[in-house]
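Trainee: I am new to this structure and would like a close look at a single part of it. Please take one buried polar side chain, go through its surroundings, and then place it among the other parts.

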Amino acid sequence: MGMNVGSSSSGDEADVMMDVNTTPLIDVMLVLLVMLIITIPIQLHSVNMNMPNGAPPPAVVKDPVVVEIFIDFDGTVLWNNEQVDKNQLEARLIEAAKPGPDQPEVHIKPNKLVDYGRVAMVLAAAQRLGVTKMGIVGNEQFVK
């Protein structure tokens with residue numbers, strides 16, 4: 001329903017307008033958009049939870065049990081300053097490797113002059129027997 005106003009070269013003959021009037025289409029789309037927005041339920045981004053009242057109980061912090069394995073320069077193995085042989089070491093590692101939260105920490109302290117094979121033997125035995133909390137302590141002596 002458009003009308004072309006203006007002079008035409010052929011006199012009284014009206015030119016046909018080829019453009020589509022989009023104003024009613026836009027009006028209908030805006031009304032549909034507003035209706036869609038109104039009908040969508042409100043989304044709550046919260047979760048209702050029953051939380052305990054009062055202060056939390058104090059955490060019980062236990063110092064971990066530490067087992068120190070010293071490996072002397074001649075290959076002697078000391079378990080908490082007590083000399084042990086290979087069988088005694090493995091028996092004590094089996095006892096220390098029991099699963100649970102109270103498994104002791106095993107600190108291995110090799111001497112700077114000890115043969116690496118002796119240290120590797122202790123590390124391999126501890127790993128094979130299931131010790132999970134294990135570390136080598138005193139590495140600063142190996143820095144040149």
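**A close look at glutamine 103**

Mentor: The side chains of glutamine 103 and threonine 132 form a polar contact of 2.5 Å. The model is a predicted one. A polar atom in the side chain of glutamine 103 also lies 3.4 Å from the backbone oxygen of alanine 97. Glutamine 103 sits in the loop between α2 and β4. Its relative accessibility is 7%, so glutamine 103 counts as buried, because buried means under 20%. Leaving aside residues up to four places away in sequence, glutamine 103 touches Ala96, Ala97, Lys98, Gly130, Val131, Thr132 and Lys133. Both partners named above, alanine 97 and threonine 132, are in that list.

The elements on either side of this loop, α2 (86-96) and β4 (105-110), each supply at least two residues of the largest nonpolar core. That core has 18 residues, and those touching the most other members are Ile69, Ile71, Trp79, Leu89, Leu93 and Val122. At least two residues each also come from β1 (66-71), β2 (77-79) and α3 (116-128). The most is given by α3, with four residues.

Isoleucine 71 is one of the core residues just named. With residues up to four places away in sequence left out, the count for isoleucine 71 still includes Thr76, Ile108, Lys109, Pro110, Asn111, Val114, Arg118, Val119 and Val122. Threonine 76, in that list, is placed in the loop between β1 and β2. Threonine 76 is another buried residue, because its relative accessibility is 18% and the cut-off for buried is under 20%. The side chain of threonine 76 makes a polar contact of 2.4 Å with the side chain of aspartate 74. Threonine 76 touches Phe70, Ile71 and Gln83, again without residues up to four places away in sequence.

The loop between β2 and β3 (82-84) holds asparagine 80, and asparagine 81 is in that loop too. Phi of asparagine 80 is near 50°, which is positive in a residue other than glycine. Asparagine 81, also not a glycine, has a positive phi of about 65°. Asparagine 80 has a relative accessible area of 39% and is therefore partly exposed. Asparagine 81, at 62% relative accessibility, counts as exposed, because exposed means over 50%.

The loop between β4 and α3 contains leucine 113. At 68% relative accessibility, leucine 113 counts as exposed. Between leucine 113 and leucine 32 there are 85 Å from C-alpha to C-alpha, and the two are 81 residues apart in sequence.

Leucine 32 belongs to a nonpolar surface patch of about 590 Å². Leu25, Val28, Met29, Val31 and Met35 are its other members. Methionine 35 is in helix α1, which covers residues 23-39.

To return to the starting point, glutamine 103 is buried at 7% relative accessibility, and its side chain has a polar contact with the side chain of threonine 132.

Note on methods. Residues are numbered from 1 along each chain as its sequence is written. This is a predicted model: local features need pLDDT of at least 70, side-chain atom pairs count only at pLDDT 80 or more; totals for chains, interfaces and linings use all residues. Side-chain values use heavy atoms; hydrogens and water are left out. Patches are made of residues with over 30% relative accessible area and no salt bridge: like charges are joined within 9 Å, nonpolar side chains (Val, Leu, Ile, Met, Phe, Trp, Tyr) within 5 Å. Accessible areas come from the Shrake-Rupley method with a 1.4 Å probe; for residues, only the protein chains shown count as cover. A salt bridge is a side-chain nitrogen of Lys or Arg within 4 Å of a carboxyl oxygen of Asp or Glu. A nonpolar core is a set of buried Ala, Val, Leu, Ile, Met, Phe, Trp, Tyr and Cys residues joined through side-chain atoms within 4.5 Å. Buried means under 20% relative accessible area, exposed over 50%, partly exposed in between (1.4 Å probe, protein chains only). Contact means heavy atoms within 4.5 Å. A polar contact is a pair of N or O atoms within 3.5 Å; within protein, one must be able to donate a hydrogen and the other to accept it, and residues adjacent in sequence count only if both atoms are side-chain atoms.
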